[in-house]
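Q: Could you take a close look at one helix of this model, and then at the parts of the chain that surround it?

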Amino acid sequence: MNIAIGTTNKAKTEAVEVIARKYFEDAIFTHVKAASEVSEQPISNEETRLGAMNRAKNAMVTSGAQLAFGLEGGVTEIDDDMYVCNWGALAVADGTVFTAAGAQIILPKEIAQEIKAGGELGPIMEQYTKRRDIRQGAGAVGIFTQGLVSRQMMFEHIVSLLVGQYLFTFSRK
């Protein structure tokens with residue numbers, strides 16, 4: 001089965017590959033730099049979800065795969081607190097699109113202020129931690145959970161939700 005992943009981000013591609021291999025033995029993966037068509041820093045659940053859906057659909061069009069995953073990280077505000085939010089989408093060749101959301105944790109006020117001032121979480125986290133490529137590895141969720149939940153693990157959960165929806169839907173057809 002040809003499976004496209006609408007990103008080259010290591011945390012996201014590894015998440016898809018780890019989960020998809022459990023359910024699709026003949027999986028062949030293609031990593032595609034698929035456009036999210038949303039802000040570099042999505043600022044709501046709605047925008048983050050749309051970015052994931054666009055990545056999945058654009059990866060499907062670009063690759064011609066049977067399945068295409070799009071994963072998007074963003075932030076959202078609830079009661080004056082800012083949280084990370086994460087969404088995934090799975091596009092199927094027949095036009096079906098599944099969506100699922102993942103973990104949300106509160107961001108420290110100083111991080112939220114920089115995002116509100118126009119910054120992007122990835123570079124802000126690199127400056128905050130003095131480490132490079134945070135979004136390729138631990139991610140903000142990994143930093144702020146003391147490594148108990150990595151960005152890859154969080155996206156694995158979302159990919160599991162997507163694959164589960166796919167298997168449920170297509171096992172009934």
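A: **Helix α4 and its surroundings**

In this predicted model, helix α4 spans residues 121-129, and its buried residues are L121, G122, I124, M125 and T129. Because these residues cover an arc of only 165 degrees around the axis, they are placed on the same side of α4. The elements that cover the buried residues of α4 include two strands, β3 (67-78) and β4 (81-92), together with two helices, α3 (109-116) and α5 (139-144). Just after α4, the backbone at K130 takes a positive phi of about 65 degrees.

One of the covering elements, β3, also leads to the strands at the start of the chain, since β1 and β3 pair in the parallel sense over three bridges. Within that pairing, I3 stands opposite L67 in β3. Strand β1 (residues 2-5) is joined as well to strand β2 (residues 28-31), again with the two strands running parallel, and here the number of bridges is four. In this second pairing, N2 stands opposite I28 in β2. Taken with the helix α1, the strands β1 and β2 make a right-handed β-α-β unit.

Helix α1 covers residues 10-23 and contains E17. With a relative accessibility of 14%, E17 counts as buried, because the cut-off for that class is under 20%. When its neighbours within four places in sequence are left aside, the residues in contact with E17 are I5, F29 and H31. Of these partners, I5 falls within the residue range of β1, while F29 and H31 fall within that of β2, and β1, α1 and β2 are the three parts of the right-handed unit.

A further buried position can be followed in helix α6 (residues 151-171), where M154 lies. The relative accessible area of M154 is 4%, and M154 is therefore buried. Leaving aside the neighbours of M154 within four places in sequence, its contacts are N86, A103, V141 and V149. Two of these contacts lead back to the surroundings of α4, as N86 belongs to the range of β4 and V141 to the range of α5, and both β4 and α5 are among the elements that cover the buried residues of α4. V97, by contrast, is not among the contacts listed for M154: M154 and V97 are 57 residues apart in sequence, and their C-alpha atoms are 20 Å apart in space.

Key:
Residues are numbered from 1 along each chain as its sequence is written. This is a predicted model: local features need pLDDT of at least 70, side-chain atom pairs count only at pLDDT 80 or more; totals for chains, interfaces and linings use all residues. Side-chain values use heavy atoms; hydrogens and water are left out. Buried means under 20% relative accessible area, exposed over 50%, partly exposed in between (1.4 Å probe, protein chains only). Contact means heavy atoms within 4.5 Å. The arc is that of the directions from the helix axis to the C-beta atoms. Two strands pair if DSSP finds at least two bridges between them. A crossover is right-handed if, with the strands pointing away from the viewer, the path from the first strand over the helix to the second runs clockwise.
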